[in-house]
Amino acid sequence: DYTTKNSICKEIFVPKQKLTPKKWIHDFNKYHGLSESDAQFFKSSKLLCDMAKEEDFIIMGRYADVVLTNNHIPHVSIFITAPFNQRVQRIKEISGNLTDKQARQMVELKDAEHMSKYFYYTGRNWGMSSNYDICINSASYGIQGSVEVIKKMLDR
């Protein structure tokens, strides 16, 4: 729906603020010497583990495959991908106003960011099939078809 697409666009396309010395000191004190990113990782990891011990749910991202594995919490880890050009088209659909060049740059930027952060927090290479229980190319099934495939797999 529009609200979801709009919030996704804001999250993806809003540039991050520069870290000024004043902000760095504020964040250092606020996060007990950790970077904001590290503090967020540890906080979300703890929340993820606490929730996973209580109930079944779906989480997208947050290094859940590694966090849950390292905490010995049973889970099914799924990686969904699509060819680069289809991901570019999807970003254009969601944003509604990006040029081909801007959409391509955005996908490249987000891929590089995912690779870097995933490796930093997990020591693994992002997107490697060996890291997941199930890998799906959504181009083969479409979004709704991929959801159906996943539901069938999980029901077994």
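A nonpolar core is here a set of buried Ala, Val, Leu, Ile, Met, Phe, Trp, Tyr and Cys residues that are joined through side-chain atoms within 4.5 Å. The views below all show a predicted model.

**View 1. Overall architecture of the protein chain, with seven helices and two strands.** Read from the N terminus, the elements follow the order α-α-α-α-β-α-α-β-α. Of the 156 residues in the protein chain, 26% are buried, and the accessible surface amounts to about 11,800 Å², with 56% of that area belonging to carbon and sulfur atoms. When contacts between residues at least 6 apart in sequence are considered, 49% of them join residues at least 24 apart.

**View 2. The largest nonpolar core, made up of 13 residues.** The residues with the most contacts inside this core are F41, L48, Y63, V67, L68 and Y118. Helix 3, helix 4 and helix 6 are the elements that contribute two or more residues to the core, and helix 4 supplies the largest share, which is four residues. Leaving aside residues up to four places away in sequence, F41 touches Y63, V67 and Y121. In soluble globular proteins, nonpolar side chains tend to be buried together.

**View 3. A second core, separate from the largest one and consisting of five residues.** Among its members are V88, I91, A103 and V107. Two of these, A103 and V107, also appear in the list of buried residues of helix 6.

**View 4. The aromatic cluster around Y63 and Y121, formed by F41, F42, Y63, Y118, Y120 and Y121.** The count of aromatic pairs comes to eight. In one of them, Y63 and Y121 have ring centres 5.3 Å apart and planes at 45° to each other, an arrangement classed as tilted. Because Y63 sits in the loop between helix 3 (36-54) and helix 4 (64-70), while Y121 belongs to helix 6 (residues 100-122), this pair ties together parts that lie 58 residues apart in sequence. Both Y63 and Y121 are buried.

**View 5. The aromatic pair of F79 and Y132.** The ring centres of F79 and Y132 are 4.9 Å apart and their planes meet at 35°; planes under 30 degrees apart would count as stacked and those over 60 as edge-to-face, so this pair is tilted. F79 lies in strand 1 (residues 78-81), whereas Y132 lies in the loop between helix 6 and strand 2 (134-137), so that the pair ties together parts 53 residues apart in sequence. F79 and Y132 are both buried.

**View 6. Strand 1 and strand 2, which run parallel and are joined by four bridges.** Within this pairing, I78 stands opposite I134 in strand 2. Strand 2 presents a covered face with I134 and I136, and an uncovered face with C135 and N137. In a regular strand the side chains alternate between the two faces of the sheet.

**View 7. Helix 6, an element of 23 residues, and the residue just after it.** At 1.5 Å a residue, helix 6 should span 33 Å, and the end C-alpha atoms are 32 Å apart, which agrees with that expectation. The buried residues of helix 6 are A103, M106, V107, K110, D111, Y118, Y121 and T122, a list that includes the charged-type names K110 and D111 alongside nonpolar and aromatic ones such as V107 and Y118. Just after helix 6, G123 adopts a positive phi of about 75°.

Conventions. Residues are numbered from 1 along each chain as its sequence is written. This is a predicted model: local features need pLDDT of at least 70, side-chain atom pairs count only at pLDDT 80 or more; totals for chains, interfaces and linings use all residues. Side-chain values use heavy atoms; hydrogens and water are left out. Buried means under 20% relative accessible area, exposed over 50%, partly exposed in between (1.4 Å probe, protein chains only). Contact means heavy atoms within 4.5 Å. Accessible areas come from the Shrake-Rupley method with a 1.4 Å probe; for residues, only the protein chains shown count as cover. Rings of Phe, Tyr and Trp (its six-membered ring) pair if their centres lie within 6.5 Å; planes under 30 degrees apart count as stacked, over 60 as edge-to-face and the rest as tilted. Two strands pair if DSSP finds at least two bridges between them. The expected span of a helix is 1.5 Å times one less than its number of residues.
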